[in-house]
Amino acid sequence: MSILSVSNITDGTDTVETGYVVNGSAKAWVNFNGTGTIAIRDSFNVASLTDNSTGNYNVNFSNSMANTGYSVGSSVDQISPYPIIQAYLASVQTGLVTLNVAQPGTADYDTTSVHGQVSGDLA
Amino acid sequence: MSHLWDRLAEAKSRLAPVQSKYRVLFEDPTQPDAPAAVLVPDPNWMAAALEGNILPPIDTYLRDRDVPDGQPKEHPYAEPIGAMTEEEAIEYLIQKDIPPQVWRDYQGNRSVLKIVPVELIPSDRSFRNAWKINQEMEMAA
């Protein structure tokens with residue numbers, strides 16, 4: 001693999017430090033089907049998924065994060081007739097994040113499309 | 001040596017994902033009321049495992065479990081290992097992503113971990129929170 005080592009990237013008009021690009025990139029992401037036989041559609045920096053129970057999944061990273069101070073974005077598809085199903089961040093460790101898909105104050109649900117994205121510092 | 005994350009990025013651009021034909025069922029003996037969990041290998045990770053020279057030795061992950069938050073970890077900088085078979089990759093993943101109390105420390109008589117073909121995982125998730133490993137199936141195997 002070739003490595004290009006530069007401190008700035010420019011298109012001739014605008015210039016940005018490579019640190020902004022590296023730090024601003026998602027460090028892991030996943031899109032999976034949480035119904036039927038669970039399956040990962042696509043991902044990056046994910047080694048496996050643990051189907052813990054209804055609507056509860058661990059996303060296990062290949063390359064761990066440096067600490068637990070990272071940020072997680074998550075979303076799910078809409079399930080009729082439950083319009084306010086959400087993906088919650090249940091817990092974080094450096095090597096995994098646990099997502100919980102639920103309707104606030106009621107039950108957990110499996111949905112056909114669960115998404116997660118992680119930003120922060122890599123180990 | 002390149003960073004693991006860089007190798008994963010390069011591998012994703014080059015390798016076709018591989019959907020594993022296996023799943024790992026397990027029950028955590030420290031949580032007897034919890035249902036059986038199912039470990040699902042990631043297709044891009046499996047492609048990297050089968051290709052070789054991308055993933056670090058499993059020992060590095062095991063040692064990193066004891067590294068405090070914020071301290072440098074070994075696995076991103078370790079020399080990558082060679083290609084694995086799918087079965088070896090599943091064993092690697094068990095050690096990496098399933099708690100040691102399941103695959104290393106458990107000394108009971110019940111079967112708490114089982115590698116199964118994906119077809120044996122129920123596609124109907126009714127009563128998902130009551131799933132347990134079928135001990136009779138284990139006896140008959």
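## Strand β2 of chain B and its partners

With which strand of chain B does β2(B) pair in the antiparallel sense over 3 bridges? In this predicted model, the partner is strand β1 of chain B, residues 22-26, and the two strands pair in the antiparallel sense over 3 bridges. Within this pairing, Phe26(B) is the residue that stands opposite Ala37(B) of β2(B).

Strand β2(B), which covers residues 37-41, also pairs across the chain boundary, since β5(A) runs antiparallel to β2(B) and is joined to it over 4 bridges. Two of the facing positions can be named: Thr50(A) stands opposite Leu39(B), and Asp51(A) stands opposite Val38(B).

The surroundings of the strand can be described residue by residue, with Ala37(B), Leu39(B) and Pro41(B) pointing one way from β2(B) and Val38(B) and Val40(B) pointing the other way, and with every one of these residues buried. Because 5 of the 5 residues of β2(B) are buried, the strand is largely enclosed by the rest of the structure.

## The interface between the chains

Contacts between the two chains involve 30 residues of chain A and 30 residues of chain B. On the side of chain A that touches chain B, the elements that give two or more residues are β4, residues 39-44, and β5, residues 46-53. The largest share of that side, 8 residues, comes from β5(A), the strand that pairs with β2(B) in the antiparallel sense. By class, the residues on the side of chain A that touches chain B comprise 11 nonpolar, 17 polar and 2 charged.

A loop residue of chain B also touches chain A: Asp69(B) lies in the loop between α3 (58-64) and α4 (86-97) of chain B. When its neighbours within four places in sequence are left aside, Asp69(B) is in contact with Asn67(A), Thr68(A) and Thr94(A). Asp69(B) is nevertheless classed as exposed, because 12 other C-beta atoms lie within 10 Å, and a residue counts as exposed if that number is 12 or fewer. Asp69(B) and Gly52(B) are 17 residues apart in sequence, and their C-alpha atoms are 29 Å apart in space.

## Chain A: strands and an open sheet

The secondary structure of chain A comes to 1 helix and 10 strands, and along the sequence these elements follow the pattern β-β-α-β-β-β-β-β-β-β-β. The C-alpha trace of chain A spans about 50 × 30 × 25 Å along its principal axes, and 37% of the 123 residues of the chain count as buried. Among contacts in chain A between residues at least 6 apart in sequence, 52% join residues that are at least 24 apart.

In chain A, 4 strands form an open sheet with antiparallel pairing, in the order β4-β3-β10-β7. Strands β4 and β7 (71-76) of chain A stand at the edges with a single partner strand each, so one side of each is left without a neighbour in the sheet. From one strand to the next, the twist averages 10 degrees. Within the sheet, β3(A), residues 28-33, and β10(A), residues 114-119, run antiparallel and are joined by 5 bridges; in this pairing the bridge partner of Asn31(A) is His115(A).

## Chain B: helices and strands

The secondary structure of chain B comes to 6 helices and 3 strands, and from the N terminus on its elements run α-β-β-α-α-α-α-β-α. Along its principal axes, the C-alpha trace of chain B spans about 50 × 35 × 25 Å, while buried residues make up 28% of the 141 residues in the chain. Among contacts in chain B between residues at least 6 apart in sequence, 74% join residues at least 24 apart.

Helix α1(B), residues 4-14, packs against helix α2(B), residues 43-51, at an angle of about 95 degrees, with the two axes 10 Å apart. Angles of 65 to 115 degrees count as roughly perpendicular, and α1(B) and α2(B) are therefore roughly perpendicular to each other. From α1(B), the contact is made by Leu8(B), Ala11(B) and Lys12(B), and from α2(B) by Asn44(B), Ala47(B), Ala48(B) and Glu51(B). By class, this contact of α1(B) with α2(B) has 4 nonpolar, 1 polar and 2 charged residues.

Definitions and conventions
Residues numbered from 1 in each chain as written. Chains lettered and ligands numbered in written order. Predicted model: local features only at pLDDT ≥ 70, side-chain atom pairs only at ≥ 80, totals over all residues. Buried ≥ 20, exposed ≤ 12 C-beta atoms within 10 Å, placed from the backbone. Contact = placed C-beta atoms within 7 Å. Nonpolar A, V, L, I, M, F, W, Y, C, P; charged D, E, K, R; others polar. Pairing = 2+ DSSP bridges. Axes fitted to C-alpha atoms, helices over the stretch in contact; angles between N-to-C directions. Parallel < 35°, antiparallel > 145°, perpendicular 65-115°, else oblique.
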